[in-house]
Amino acid sequence: MRFFTSENQRLATEIIGRYPKARSATIPLLHLAQEQHGWISDDAMIEVGRLVDATPAEVKGTATFYEMFKFAPVGKYLINICGTMSCQLLGADHLMHHAETKLGVVAGGTTEDGLFTLEHAECQAACTEAPTLQVNYRHQYRVTTESFDQLVDDLAAGNLDGEIPPHGTLGRVRQAIPADKSVGAVPPTEVDGPPVWLAVEGAS
Amino acid sequence: MTDIGTPIDWAPGFIANTTPKIVSGRFEFEDSFTIERAMATGAYNGLKAALAKTPAAVHDEVRGATVLGRGGAGFPAGVKWGFMPPDKWPRYLVVNGDESEPGTYKDRLLMERDPHQLIEGCLIACYATGLSQCFLYVRGEMPLAHERIAVALNDAYEARLVGKNILGSNFSVDIVLHWGAGAYVVGEETALIESLEGNRGMPRLKPPFFPAAVGLYGQPTIVNNIETLANLPWILSNGAQAYAEIGSESSPGTRLVAVSGHVKRPGVYEIVNGLTTFRDLIYGDQYCKGIRDDNELKAFVPGGGSAPWFTPEQLDVPFEGREASAEGSMLGSGAVIVMDETTDIPTAALSLTKFYAHESCGKCVPCREGGTWLEKILTRVVKGQGSPRDLELLLEVGATICPGDFPHASSSRLGLEAQPFPYKMTTICFVGPSAFAPIHSALTLFPEEFEAKLTRRDTIPLMSMPVADATGTDESVGAVS
Amino acid sequence: MTDLASASEVNETGVNITINGVRVVAPKGELVIDAAERNGVYIPRFCYHPRMEPVGMCRQCLVEVDTGRGPGLQPSCMLTVSDDMTVDTESETTKRAQEGMLEFLLVNHPLDCPVCDKGGECPLQDQTLAFGPGESRFVEEKRHYEKPIPISDLVYLDRERCILCDRCTRFAKDIAGDPLIHFMHRGNETQVLTFPDDPFNSYFSGNTVQICPVGALTARPYRFRARPWDLAEVESTCTTCSVGCRVAVQSSRNELLRYEGVDIESVNHGWLCDKGRFGFESVNSDQRLAGPYLRDVNNSDQLVGTNAALEAAATAIGAGRGGGGVGVIGGARLNNESAYAWSKLARTVIGTDNIDAQLADGLSAQMVLSLPRATIADATSADNVVVIGTDLKEELPVLFLRLKGAAQSGRIKLTELSLLVTGLSKHASASHRYVPGELAHAVGELLASNPQLASGSTVVVIGRPSAADFPDEVEAAVGVLTAGLPLATFLPALRRGNVMGALDMGLSPGVLPGRVSLDEGRDWFGSVWSSLPGEVGLDTAGMLEAAAAGRLDTLVLLGADPLADVPDRDLVERAFAGVGSIVAIDNFVTESVKRANVVLASTAFAEVGGTTTNLEGRVSRLGQMITPPGTARADWMIAAELAWRLGGDLELESLAQIWSEIEAVAPSHAGCTLEVVEAEGAIEGVVVPIPKSPDLAGAPSGPASIRWSAPALAEPPSVDGYSLRLVARRKLYDAATNTQMAPSLANLAEQAQLMVHPGELRRLGVESGTRVNVTSSRTTVVLSLVGDAAMPRGLAVMGLRQPGLAASELIDLRAAITELRIESR
């Protein structure tokens with residue numbers, strides 16, 4: 001049994017083909033695995049390693065470096081509350097305390113129904129809108145205790161299903177490079193001169 | 001332009017009432033990210049202008065405009081491009097969209113609000129310097145940016161604006177959307193390349209790994225920030241001369257600055273570079289309109305979480321690199337975090353130190369061990385369990401990460417002269433020093449706030465090291481005080 | 001990689017630098033850390049290792065450097081010297097940085113030195129003493145991990161002690177090519193780990209223990225066995241295979257405890273394979289033969305004194321000498337001096353030329369000795385390297401490392417021609433497969449399609465591809481090579497420890513010491529030795545066939561186990577049944593020794609000094625560290641004793657005296673005196689023949705006197721569509737006695753199985769793992785049949801000597817190829 005579904009296997013092949021070296025596809029393929037499975041299993045890392053010609057240890061070395069990859073199941077909604085300076089100045093600690101009370105878990109935990117995982121997070125590049133949080137990396141701005149409660153209730157009720165896909169899915173639209181319009185990735189060893197438009201005009 | 005006091009839905013945080021506009025021109029349209037709106041508002045005119053020139057002429061134009069890198073280091077893009085060895089091929093473009101410096105919010109806005117401007121900027125860079133493939137590395141925690149760029153790229157490929165024979169010319173380049181997975185240090189350009197190669201995002205040592213010489217797959221590589229590239233279409237459309245006329249001679253053009261924290265109207269502003277002062281920005285009516293509740297300003301971070309802090313005494317410093325350095329800090333990534341009189345300074349500093357200690361990649365010892373140690377000591381102090389020795393220790397540990405005088409602002413209150421930027425460091429990259437910077441600033445400029453938290457007056461007993469005795473036959477862990 | 005790129009740039013021109021106020025000249029491209037060390041200034045370091053790419057991570061080697069823009073701290077392991085550079089390793093700034101780094105490293109390093117194996121030889125401990133602050137200001141809780149955890153059968157990892165210097169992980173990835181350990185997690189939680197259920201099973205794992213600068217990695221065979229200050233040490237040369245890696249042999253209380261690689265430029269760069277590194281366990285084995293015994297007609301063993309055993313051996317040999325003949329098989333385990341003694345004993349006292357150090361599983365001695373020889377240095381710097389036949393990773397592991405490193409660095413263009421995918425295949429510029437029986441034709445095609453091999457320097461590494469094929473095939477292939485590449489030089493990939501020394505000493509029929517043929521050397525040796533046999537004798541296959549036919553009275557097994565090693569078990573059984581008596585001289589009671597009538601115990605590695613010769617012809621010193629068990633004696637002494645009892649006198653008295661005689665009579669060794677071999681700084685050894693050394697007056701010149709001509713190109717064997725062709729390959733870990741007697745290695749040998757392409761499984765209609773009947777011309781055996789996509793179609797692959805079943809059961813050594821029929825049971 002292959003780890004990836006046949007559709008994802010096709011996508012994986014397409015993604016690998018965009019890079020001059022397959023290894024560059026490691027992180028995109030791990031995202032694909034997390035989208036399919038919700039988290040990164042050992043099987044996922046073994047398969048990604050096979051596809052990019054890396055040992056499972058190398059893939060795990062890469063995967064564990066990055067915070068978005070989870071190595072055990074997490075809730076359908078991962079709630080990341082930012083605690084870095086701009087948010088801290090505007091009450092992030094209070095918001096986190098409230099969130100822990102509301103969800104009944106401490107940061108790092110998952111609610112018993114498996115719906116929510118709560119995490120401390122760091123700067124979310126929305127500092128002007130502090131305090132912020134992300135649900136499956138979708139921003140929520142100027143969050144108050146009231147708006148937090150409303151958000152959790154809406155998520156639980158499925159009111160936001162259209163906007164916030166389950167954990168693992170990032171962009172709901174993928175890049176698709178049409179074969180007839182693609183230049184194609186070439187291993188660096190197979191290039192030995194400047195590109196054609198430069199060759200004609202002269203290098204800068 | 002009307003004053004839109006609260007953020008508009010389609011561009012959270014963006015405040016549109018500034019002029020001139022070089023990179024945010026399209027933001028006010030709700031559908032600014034679509035190819036229809038982009039094409040209707042002059043998108044890809046810069047590319048067309050570029051293709052009408054030789055690549056060398058385009059490079060000259062960019063060099064002439066002196067576009068300072070907007071990622072933090074502020075190095076002129078045109079000069080950086082010129083560092084590639086002339087005879088090594090292929091060359092690559094890696095676009096740094098891993099925005100995650102505390103306080104910084106502008107690249108995400110540029111990606112979400114105007115992906116076509118970014119794509120156009122990438123194409124101009126590739127054309128000018130013969131880059132054969134472009135990798136657009138977007139921070140993982142920005143799915144909206146992924147979606148918008150993916151749609152924009154798909155549309156642009158369809159319109160033959162990207163890919164083979166762009167606009168019917170012999171210029172062909174692919175732009176590959178690549179997404180990260182959550183690691184601040186990947187914003188460092190060599191770490192970004194490691195990450196793009198599928199590895200742990202740990203910085204490489206410069207030398208020998210200057211990306212322009214030895215970059216992606218060991219090939220010459222240009223790593224440019226999103227905002228830097230977003231400037232290029234305007235420059236090609238309007239000319240380097242027009243660009244240079246905006247702002248100051250040393251810092252031309254405009255830049256996006258995010259102001260957060262205790263101001264009345266936090267937001268992202270496109271300001272005139274080199275001339276606008278922090279006072280303009282924090283108190284000006286077209287910008288932040290002053291401190292919340294009309295409180296007193298206590299301190300502000302002028303250039304992202306890594307930057308040493310300023311106090312009200314530095315309000316009249318303009319957004320100009322050398323002036324900011326002389327005053328003891330840097331402009332960094334265009335992020336100002338404002339603290340009012342109610343701020344608990346040690347706690348605020350801790351929120352940053354924690355960030356950098358957590359984001360250490362672990363490669364070099366001073367950052368990996370020193371950063372965490374600093375966090376532990378400061379946490380103890382903030383919790384009211386610190387001793388005077390701890391405050392000395394914070395500075396001593398910091399001095400192992402950054403030997404010599406650490407930059408700081410002047411303070412007439414404390415009788416301090418400014419110590420100019422930059423610092424020296426024993427680390428490979430700036431993450432380690434960044435863990436120390438907020439501590440040093442806070443402790444130097446507000447020592448009384450730390451002293452007020454001290455409860456323990458005892459000194460810390462010293463632990464002895466394991467040492468072999470002279471014969472090397474015996475080790476002991478003795479108590480030495 | 002291994003050979004730093006700078007090495008080639010060095011020496012062109014020097015640059016002037018100042019180190020601590022002293023002006024010195026450093027070669028261009030040299031790293032500051034090396035330049036300082038060369039000039040007596042040691043800069044502390046943890047991550048830097050001279051045989052690996054620097055990474056500049058630990059920051060311990062920061063020193064204040066001024067290149068004209070003012071002094072600044074720079075990592076001296078990443079900085080190359082430049083003209084007028086000023087380096088200050090003692091400035092206040094430098095010292096503070098170094099103290100600071102050590103304090104940081106000790107923040108999380110446990111103070112368990114008293115129970116740590118590294119204590120006493122620990123770079124962290126030593127450098128803390130020399131460069132550290134003397135006290136820590138860290139009072140918080142340290143990092144905690146489960147400790148220690150096994151990361152393989154041989155290596156344990158203590159993550160609390162680890163300082164994350166990237167030495168082991170870099171070694172695993174860049175040098176060994178087995179990136180099975182890796183940094184995982186990030187920042188302060190970074191740790192070295194394996195992937196679950198995917199242990200660090202590298203043939204080179206022990207090197208990570210040796211280069212670990214703390215006690216984070218420990219080797220199971222050495223854990224808690226000794227303290228460094230209790231170890232005695234002598235330098236030696238590993239004889240596990242014929243690469244000849246330099247080792248430091250360490251012992252305590254007359255027991256071997258550890259081997260450490262010694263860095264010599266010409267051979268091993270400090271690396272060892274695990275089989276060599278942990279092989280000391282077999283020397284220590286309580287199964288060692290500690291004294292002689294006789295086996296009487298009732299097959300019961302009788303322990304006897306040495307004199308009685310020597311008497312019995314002499315009687316058996318004497319009977320053969322006077323009757324149907326004597327044959328001596330083996331000798332590759334011996335040092336050069338003992339090999340010479342046995343060569344002289346056989347030729348002058350026993351009067352036979354029936355002597356062969358190879359067991360019908362190697363290459364023609366005449367061919368090996370007559371081909372122009374390359375060195376490893378030649379092979380790692382040639383324009384082209386062609387590797388033919390063997391899987392060097394399995395047979396000559398450190399040669400594999402050297403070639404892999406050279407190929408990775410782009411210095412050489414590596415072309416491979418082998419039956420199967422090997423460890424080198426993915427590092428080769430081109431890797432080609434061929435079919436058993438068709439090697440010579442494949443070589444011809446290779447040369448025709450690669451004309452560049454004939455231009456520039458080319459080194460050919462050639463070994464025996466499969467013990468299931470007749471060796472003529474290799475000789476024919478070499479004939480094609482020497483015709484097509486007249487300037488090529490060769491590295492013979494013979495595997496056994498001192499096989500090259502044994503051949504140099506004449507342990508092969510028709511070959512006398514010094515690479516001289518019996519015929520050409522007759523006059524010279526007639527003058528320096530008492531007498532010579534009249535006829536060229538039999539090789540191992542010939543002796544066994546003669547014995548089987550009742551034409552040989554006595555077989556002497558000189559550290560040989562033909563039942564296990566000769567690729568034709570049936571023939572050996574018949575030979576043992578047909579021979580009059582067997583005299584065995586060995587370290588262990590092997591399967592063949594069990595069949596001997598007289599058994600003498602001999603010394604093993606580190607129990608006797610002398611010299612050994614590697615595959616390059618490099619003569620280097622062996623170190624004696626311990627005394628042999630019981631009454632085991634050196635093989636040369638046994639030879640001398642037997643000679644005396646047989647009425648002769650070898651006139652050999654000591655290792656030194658034997659070497660002097662070798663130097664005086666063996667043409668290829670002229671000039672290679674003991675003084676030269678033992679000279680100060682001669683740890684690299686001496687490659688013979690020494691260029692420009694004067695010829696021995698009256699002696700024939702060495703290699704030129706060996707006559708070898710390639711056999712005619714045979715027609716490829718015809719294809720039998722119902723059969724699979726057997727490939728009998730060597731694996732590093734197998735059922736060999738020395739591996740099985742080392743407890744840490746014994747279990748690493750895979751059980752015997754037959755591997756085929758999955759397509760063959762489908763054709764046979766069986767599942768992978770099914771036990772099947774396998775029939776050759778010799779016999780039918782039962783084996784488990786395993787599918788593996790890496791196996792070419794039409795072949796069936798098994799280990800020559802894996803536990804469970806040896807391929808030699810299936811092989812007829814006179815057949816060109818071995819065809820197998822496979823049937824489900």
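**Notebook: contacts of chain B with chains C and A**

I looked first at C:Asn108, whose side chain joins that of B:Glu369 in a polar contact of 2.6 Å. By polar contact I mean a pair of N or O atoms within 3.5 Å; within protein, one must be able to donate a hydrogen and the other to accept it, and residues adjacent in sequence count only if both atoms are side-chain atoms. The model is predicted, so I note that local features need pLDDT of at least 70 and side-chain atom pairs pLDDT 80 or more, while totals for chains, interfaces and linings use all residues. Residues are numbered from 1 along each chain as its sequence is written, chains are lettered from A in the order in which they are written, and side-chain values use heavy atoms, with hydrogens and water left out.

**Entry: C:Asn108**

I placed C:Asn108 in the loop between α3 and α4 of chain C. Helices here are DSSP runs of H or I with at least four residues, strands are runs of E with at least two, and both are numbered from the N terminus. Is C:Asn108 buried or exposed? I found 4% relative accessibility, which counts as buried. The scale is buried under 20% relative accessible area, exposed over 50% and partly exposed in between (1.4 Å probe, protein chains only). The side chain of C:Asn108 also reaches the backbone nitrogen of C:Arg143 at 2.8 Å. I listed what C:Asn108 contacts (heavy atoms within 4.5 Å). Leaving aside neighbours within four places in sequence, the partners of C:Asn108 are B:Glu369, C:Lys142, C:Arg143, C:Glu160 and C:Asn188.

**Entry: chain C against chain B**

I looked up the extent of this contact and found 46 residues from chain C and 47 residues from chain B. The two chains bury about 4,000 Å² between them, with 63% of it on carbon and sulfur atoms. Buried area is the accessible area (1.4 Å probe) that two parts lose on being put together, summed over both. On the chain C side, C:Phe104, C:Arg137 and C:Arg186 lose the most area to chain B, together 21% of what that side buries.

I found four salt bridges across this interface, the rule being a side-chain nitrogen of Lys or Arg within 4 Å of a carboxyl oxygen of Asp or Glu. One of them pairs B:Glu396 with C:Arg137 at 2.4 Å, N to O. I also noted 16 residue pairs in polar contact, both at pLDDT 80 or more. α3(C) gives the most to the side of chain C that touches chain B, with seven residues.

**Entry: chain A against chain B**

Here I found 67 residues from chain A and 95 residues from chain B in contact. Chain A and chain B bury about 6,400 Å² between them, 60% of it on carbon and sulfur atoms. I noted three salt bridges across the interface; in one, the closest N and O atoms of A:Arg172 and B:Glu147 are 2.8 Å apart. There are 35 residue pairs in polar contact, both at pLDDT 80 or more. The largest contribution to the side of chain A that touches chain B is from α8(A), with five residues.

**Entry: cysteines**

I checked for disulfides (cysteine sulfur atoms within 2.5 Å of each other) and found zero over all chains. Why is B:Cys402 not bonded to B:Cys367? The closest cysteine sulfur to that of B:Cys402 is in B:Cys367, and at 10 Å it is too far for a bond. B:Cys402 is buried, at 2% relative accessible area. For B:Cys429 the closest cysteine sulfur is also in B:Cys367, at 6.2 Å, again too far for a bond. B:Cys429 counts as buried, with 9% relative accessibility.
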